[in-house]
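Student: Could you show me how to read the packing of two helices, and then the core around them?
Tutor: Let us look at the model together and take the features in turn.

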Amino acid sequence: MNLSEPQVTLASKTRSGTSAHFSGGDFSRCWDERLSRYRRAIEDLSVEIADPLQLSASERHALATRICDTNMAVYRCRHPETVSRVAVRALASQLGLGAPDRNLCAADDGLSELEVNHNPTHQRYIPYSNRALNWHTDGYYHTPQRTIRALALHCVRPAMSGGTLQAIDHEIVFGLLHRCDPRYTAALSQSGTMTIPENKAAGSGVRASVSGPVFFHDGDVLRMRYSARKRNIIWKSDPIVGEAVAALEEILNSCADLVVTRRLLPGEGLICSNVPHRRSGFTDPSQPGCARLIYRGRYIQALARVTSR
Ligand SMILES: [Fe+2]
């Protein structure tokens, strides 16, 4: 790869050359290469950005290749104090994303401000507290029409302590689980494996029950919807599904060498294909205006993929 004269070609629905193979008999042939590429890439996941409003070709290429290898990238803005909400949206749009999906707690521009918030609307949701968030993908309770394909987390201010983010490529999780027992990935790819029951306290009315697989293909791209929470998740009553869920949990909690761990600093962010992630609990400083603040953008659109390596 030549970063000085990158041949950047981006397309949002282009074959990644990885996940498509995971569903068929090519698995073992691809797995070792995919895993070692992932291991190498997570050692060098951060890309320094001079101006998020206008990425250079080499910055864009550096981000896109990391996304191709790991389904995520970390960026570090050289001048954190100048990064506005507009700049965060602009950065995402240069990676192929459109406007953020609007949820109940999002601001008018679609970005949510993740901070401790005592507003009654926000208080029901753990992201707006200082509590730990266990492994999940965003919007796992959405209908298929509103699948969250990409996620951006931009740090404005870190906590005084804690608030560490961890993430792992869902394709790697799938591969590890498949290697453990192919019946597990098959079980978690069935429609109706994971059901989120109706939620009568869903703000703007009742949210209907949503049922679907954990792993599914979106075109030729593998995606994952998941939550490790024990309440309000109904797993399909099937012994293999039960074993698979336990094995998946074990993988997420034991593969520390494959998990990306970052305590984001001001001006840093994670942009990803809505891979499973979690956050540790945190403590804010007592001074007003200094509390941990993360901008979050959720996107229906997929991140652009590099078509030539
Ligand atoms: Fe999340």
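Student: Which residues of α6 and α8 meet?
Tutor: In this predicted model, where local features need pLDDT of at least 70, side-chain atom pairs count only at pLDDT 80 or more, and totals for chains, interfaces and linings use all residues, Val 173, Leu 176, Leu 177 and Cys 180 of α6 meet Ala 244, Ala 247, Leu 248, Ile 251 and Leu 252 of α8, contact being heavy atoms within 4.5 Å. Residues are numbered from 1 along each chain as its sequence is written, and side-chain values use heavy atoms, with hydrogens and water left out.

Student: How is the packing of two helices described?
Tutor: One gives the angle between their axes and the distance between the axes. Here the axes of α6 (residues 170–180) and α8 (residues 239–254) come within 10 Å and cross at roughly 125 degrees, on a scale from 0 to 180 degrees between N-to-C directions. The two helices are therefore oblique to each other, a class left over once angles under 35 degrees (roughly parallel), over 145 (roughly antiparallel) and 65 to 115 (roughly perpendicular) are set aside.

Student: What of the nonpolar core, and which residues have the most contacts inside the largest one?
Tutor: In soluble globular proteins, nonpolar side chains tend to be buried together. The largest nonpolar core, a set of buried residues (under 20% relative accessible area, 1.4 Å probe, protein chains only) joined through side-chain atoms within 4.5 Å, has 51 residues, and Met 72, Leu 188, Phe 215 and Leu 248 have the most contacts inside it. The largest share of this core, 7 residues, comes from α8.

Methods:
Helices (H or I, at least four residues) and strands (E, at least two) are DSSP runs, numbered from the N terminus. Buried means under 20% relative accessible area, exposed over 50%, partly exposed in between (1.4 Å probe, protein chains only).
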